[in-house]
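Trainee: I should like to go through the empty spaces in this protein. Could we look at the model together?

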Amino acid sequence: MAAESIPALLRAHGLRPRKGLGQNFLVDPVAQARIVEAADLSPDDAVVEVGAGLGSLTQLLAARAGQVVAVELDDALAQILRQQVAGLPNVQVVQGDVLRMADFGFSHLGYKMVGNLPYYITSAVLRHFLAESPRPRLVVVTVQREVAERIVARPGDMSLLAVSIQLYGEPEIVARIPAGAFYPPPQVDSAVVRVAVGERLAVELGEGVTEQEFFRAVRAGFGQKRKTLRNSLKAGLALPAAEVEAALERAGVNPSRRAETLSLQEWAAVTNACSRASSAAACSRRRSRPRSSSQGLRTRRPPSRCV
């Protein structure tokens, strides 16, 4: 689809880009080609495209992939999109909120996810796809350049977003896209991020420790800006300061450090140690709880799992 045809197509249907939905259409064919190249597609691939819009990228993906599921939230755009791809038998248009979707019908193929993500849902969409099972084996997304730099950050500049992505795969910035490549042009430049998703998590969690516990610890650590881990984990995990310090000592992490300085391996060690501390605290509360009685009869407490 030619760049000049997108504004004309919108006008022909009496539509304008909706700022509230972050609608900035990528119209630069060079940038579109870089995205398709980064997706490394073959006829054996299935693709979920998030934010398909008017279908300019959809058509390029369909030319190389075996199957494309094009997801578009805006009902009016989805109707136009169906018309644009009507002659492509390997494209299925799905109108709706991608955050409410999990099964795209080809999980056994190890699909790929491609998308031009508005700023306000970038984190939510990436976490949704990476935390769900089955995960895509490759993610290629266009995001604000500042967000892209946060995703690929290293210890010293880490964030909750960086940890959330890097736990599942290795991100890299493969292209930078100027604001003028979009219609209408956003106020900032963008970048294309490619995430090679691993079959396993990037770090090993302790026995019985879940991803939910990992992110609970990470969220607690990043929950209070400019606070040390001692203080942020104490508040976020509702643990006594002494237990937090003991847990950090077991993890080999200085309590005076801040969350952005930790590596994934260190976060795993902190999570494992804090999980033990939380379990011990819960057991202590259960042991100290007075036994209840009814009509003067002693009740039998169920066996405790505390050790």
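Mentor: Certainly; please keep in mind that this is a predicted model. The structure holds one cavity of 30 Å³ or more.

Trainee: What volume does the largest cavity have?

Mentor: Its volume is about 40 Å³.

Trainee: Which residues line the largest cavity?

Mentor: The lining consists of M101, A102, F104, Y111, H128, F129, E132 and P134. By class, six of these residues are nonpolar, one is polar and one is charged.

Trainee: Turning to the pockets, how much space lies in the largest pocket?

Mentor: The largest pocket holds about 1,000 Å³ of space. It is lined by 45 residues, and those closest to its centre are L21, G22, Q23, N24 and P118.

Trainee: Which helices and strands each supply at least two residues of that lining?

Mentor: They are β1 (25-26), β2 (46-50), α3 (56-64), β3 (67-72) and β6 (138-144). Strand β6 gives the most, with three residues.

Trainee: And how does the lining of the largest pocket divide by class?

Mentor: There are 26 nonpolar, 14 polar and five charged residues in that lining.

Trainee: A different topic: where is K112 placed, and is K112 buried or exposed?

Mentor: K112 lies in strand β5, which covers residues 112-116. K112 counts as buried because its relative accessibility is 5%, and the cut-off for buried is under 20%.

Trainee: Which residues does K112 touch, leaving aside those up to four places away in sequence?

Mentor: K112 touches A39, D40, L41, D45, A46, V47 and V48, and also P136, R137 and L138.

Terms used:
Residues numbered from 1 in each chain as written. Predicted model: local features only at pLDDT ≥ 70, side-chain atom pairs only at ≥ 80, totals over all residues. Heavy atoms only, no water. 1 Å grid on protein atoms, 1.4 Å probe; cavity = no way out; pocket = protein on both sides within 12 Å on 5 of 7 lines; lining within 4 Å. Points joined across faces, edges and corners; volume = space filled by probe spheres on them. Nonpolar A, V, L, I, M, F, W, Y, C, P; charged D, E, K, R; others polar. Helix = DSSP H or I, 4+ residues; strand = E, 2+ residues; numbered from the N terminus. Buried < 20%, exposed > 50% of the residue type's maximum accessible area, 1.4 Å probe, protein only. Contact = heavy atoms within 4.5 Å.
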